[in-house]
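The exercises below are meant for a reader who is new to this structure. Work through each task first, and then follow the solution step by step.

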Amino acid sequence: MAKTVLMKGNEALAEAAIQAGCRHYFGYPITPQTEIGAYLAKRMPEVGGVFLQAESEIAAIHMVYGASCAGKRAMTSSSSPGISLKSEGLSYLAGSDLPAFVVNVQRAGPGLGGIQPAQADYFQATRGGGHGDFRNIVLAPASVQEMASLTLRGFDLADRYNMTAMILTDGTIGQMMEQVTLESAEPTAFEKPWALTGTRCEREKHVITSLYLAPDELEQKNLSRFARYARVQRAETMVETYGMEDAEICLVAYGIAARVSKNAVAAARASGIRAGLIRPITLWPFPAEALANAAEHVRQFLSVELSMGQMIQDIELAIRCRRPVSLVSRVGGMIPTPEQVLLAIERVARGEAI
Amino acid sequence: MIVATRPHALTTAPTHYCPGCTHGIIHRLVAEAIDALGIEGRTIGIAPVGCSVLAYNYFNLDMTVAAHGRAPAVATGLKRANPESIVFAYQGDGDLASIGMAEAVHAAARNENITVIFVNNAIYGMTGGQMAPTSLPGQVTQTSPAGRDELLCGFPVKVCEMLAQLDGPEYIARVAANSVKNVLSAKKAIEKAFRNQVEGRGFSLVEVLSSCPTNWGMTPGDALGWMDSTMIPYYPLGVYKDRSAKEAD
C-alpha cells in the first residue's frame, strides 16, 4: 500500500532503501548526507537490518563489498570528499562484478570545499570514479519523490547488471522537504548463484576476485564487462523532456539545476521564446540519442550545471558538435536563479554571446 | 599406518611460495583448524594483497580477495551479512600493520566476530623486499639499504601489544612458524582463534612470525635461525589477551 508523506530527500532515499530490501548499511558521517545515516541508524534495527558506522569511508565501501559477496543488498552513502575515498572500493566492486548501491550527496569542492550544493563530481561519477576501465550506473534525482523511486530502481539495476548503481544528487535535493509517495511493494528477487555462502561441502568453491594475472584472460573480462555495459546503455537510459517539440534553444540540466531550468524554460515560453529542456535522469548511460535527435531542430544548447562545465562535454559529444553549446553555471555552493537562466536564454535568443 | 594426510580444506594445487617460506605451513595450520572444527562448508576466506594474494587457489573454501589492507572491513561485511558463516582474513604485515591498520584496529575494537591470521615476516615480499612496518631496527631492505634507521623511519609496530590494549578483542596471540615446537603452539592458537568465532566470542587475531629467505637474502635454514636470534626477542611469543581464559580464572 502506498502512503504519501512529507520528507527530506535524504530520508526518502533511506526509507526507499528499506523498501528495496536493503538490510545492510555501512557509512561514515559527512555533511550534507547525514540524514541518511541518522534515519537508518533508527530504522535498520526495526527491520532486523544492520546499520554500522565504519571507521572511514574506505572501510565502509569495503564492508559493502563484503556484504555484497555474501549475496545481500548493501549500500553506503557519502558526499564528495568521502566519495573520493570510496573510489578504491568502487574499482574493486567493478573488477569483481559485484552489485552495490552508493549515494553521493554532492557538495562544493575541490578539497574540503564547502558544504553547500554542487554538481562538480559529474566526471568522477560518470567515468567510474576509480582506476581501471569501468562505469557505474549514475541516477540523478530532481525531486524528493525521485530520491525514493530512483533508489528502488538503483537496487534493481545493480542486481540486474552486477555493478554499482550510484545516486548522484546534491545538498539541495538531499535536504529539502517535499511530498513523497512511498510504495510498499515486495522487492524484486534476484538469483545470486555466485555468492560466498560456504560450499556446504556440496559444491565447487566460489572465488570472487578482481585479480587476473594472465593478460588474455583479463582482456576477456574487460570485454565481457563492456558488452554488459552496452546492454545497460541500450535498455536503461532515462530522460525527461519538456517543451522540446518545437524548441530552438535547448537547456540540458539534471538534479536541482533542472528544477531551476524548468522554471526558466516556462518563463521563456511565456514570452514567446521557443525554449525546451532535456533532463538526463541517468547520467550514465547518458541520453545521447535524445540530444542527437534534438540537434536536428535546436539552434543552440545551454548546459546548466553547478560546475565549471563537465556535462557540457557529453552534450558536445552526443551532438557531435553540430550546434553551439554554452555553459550557464554557478559554483562553490551557489545556485543560479531562474531569472539568471532566463537571462541566458534571452541573450542567445537575440543571438548574443553569454 | 597413515602418519599425516593433506587437510581436506587444502587443495592439491602446488603453491607459488618461495622455497623456505612458511606461508605453506601456516596455510596448513589454518586448514587443519577448519577440518578439526568441521566448519569447511561454512567458512569463507579473504586473501590480502601481498604474497598470499593467491591463497584462494590453496583452500577448498569460498573466498574473495580484498583491496590492500581492507580484509577486516570485507570480513565485517561478510560476517554481518551472514552471521552463520565463519569468516577469516589472512593478511601480511604491510597489509595489516601499515595500509590496513585502521581496519584491523577498528575490527578489533568492535570485537567483530571474525578470525585474523596475521603473517609477519618483517618485509614486503611480493614487491621485492621493501621495508615493512614490522622490519626490525637495523634490518637491511631494498628501501632501507643502510639498515632500518629508527630516527629516520621510526620503530616497528608491535601489533599484538597494541591490540591487547583495547577492550574489544577476545583473543590476541603471537606464535612463530620456525620450529616443530613453535609450529605446534601455532596450531593450537590458530584453532582457538577459529573456535572462538564458532562460539561467538568475537575478534581473534593470531600473529604468526614467518620467514622470507628470498628477501632477507638468507638460506631457508639461516632464516629460521634469524627468527630465533633476532625476530622473536623483538616480538616475544605468547598470549597477549584471552578473555575466555581470564573468565575461567
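**Exercise 1. The contact between the chains**

Which residue of chain A forms a salt bridge with B:Arg110, and how far apart are the closest N and O atoms?

Solution. The model is a predicted one, and all the values that follow are computed from it. Begin with the whole interface, where 33 residues of chain A are in contact with 34 residues of chain B. The area buried between the two chains is about 2600 Å², and carbon and sulfur atoms give 60% of this area. In chain A, the residues that lose the most area to chain B are A:Glu55, A:Leu196 and A:Lys205, which together make up 22% of what that side buries. Next, turn to the charged pairs, for which the count between chain A and chain B is 3 salt bridges. The partner of B:Arg110 is A:Glu55, with the closest N and O atoms 2.9 Å apart.

**Exercise 2. The order of a sheet**

Find which strands of the open sheet in chain A stand at the edges, and state what this leaves on one side of each.

Solution. First write down the order of the 7 strands, E3-E2-E4-E5-E7-E6-E13, and note that the pairing is mixed. Strand E3 (50-53) and strand E13 (282-284) of chain A each have a single partner strand, so one side of each is left without a neighbour in the sheet. On average, neighbouring strands of this sheet are turned by 20° against each other, if direction is ignored.

Then follow single pairs of strands. Strand E6 (residues 137-139) of chain A and E13(A) run antiparallel and are joined by 2 bridges, with A:Leu139 standing opposite A:Thr282. Helix H6 (residues 144-161) of chain A packs on the sheet, where this helix touches strand E4 (74-78), strand E5 (100-106), E6 and strand E7 (164-170) of chain A, and the direction of the helix makes about 155° with that of E7(A).

**Exercise 3. An enclosed strand**

How many residues of E4(A) are buried, and which way do they point?

Solution. Start with the neighbours of the strand. Strand E2 (residues 24-27) of chain A is joined to E4(A) by 2 bridges, and the two run parallel; here A:His24 has A:Ala74 as its bridge partner. E4(A) also runs parallel to E5(A), to which 4 bridges join it, and A:Thr76 stands opposite A:Val102.

Now consider the side chains. In a regular strand the side chains alternate between the two faces of the sheet. From E4(A), A:Ala74, A:Thr76 and A:Ser78 point one way, while A:Met75 and A:Ser77 point the other way, and all are buried. Since 5 of the 5 residues of E4(A) are buried, the strand is largely enclosed by the rest of the structure.

**Exercise 4. Two residues compared with the cut-offs**

Decide whether A:Ser68 and A:Arg350 are buried or exposed.

Solution. The cut-offs needed are under 20% relative accessible area for buried and over 50% for exposed. A:Ser68, which is found in helix H3 (residues 57-69) of chain A, has a relative accessibility of 0% and therefore counts as buried. Leaving aside residues up to four places away in sequence, A:Ser68 touches A:Leu98, A:Pro99 and A:Trp194.

A:Arg350 lies in the segment after helix H12 (338-349) of chain A, and, with a relative accessible area of 53%, A:Arg350 is exposed. A:Arg350 and A:Ile273 are 77 residues apart in sequence, and their C-alpha atoms are 10.0 Å apart in space.

Methods
Residues numbered from 1 in each chain as written. Chains lettered and ligands numbered in written order. Predicted model: local features only at pLDDT ≥ 70, side-chain atom pairs only at ≥ 80, totals over all residues. Heavy atoms only, no water. Pairing = 2+ DSSP bridges. Axes fitted to C-alpha atoms, helices over the stretch in contact; angles between N-to-C directions. Contact = heavy atoms within 4.5 Å. Buried < 20%, exposed > 50% of the residue type's maximum accessible area, 1.4 Å probe, protein only. Buried area = accessible area lost by both parts, 1.4 Å probe. Salt bridge = Lys/Arg side-chain N within 4 Å of Asp/Glu carboxyl O.
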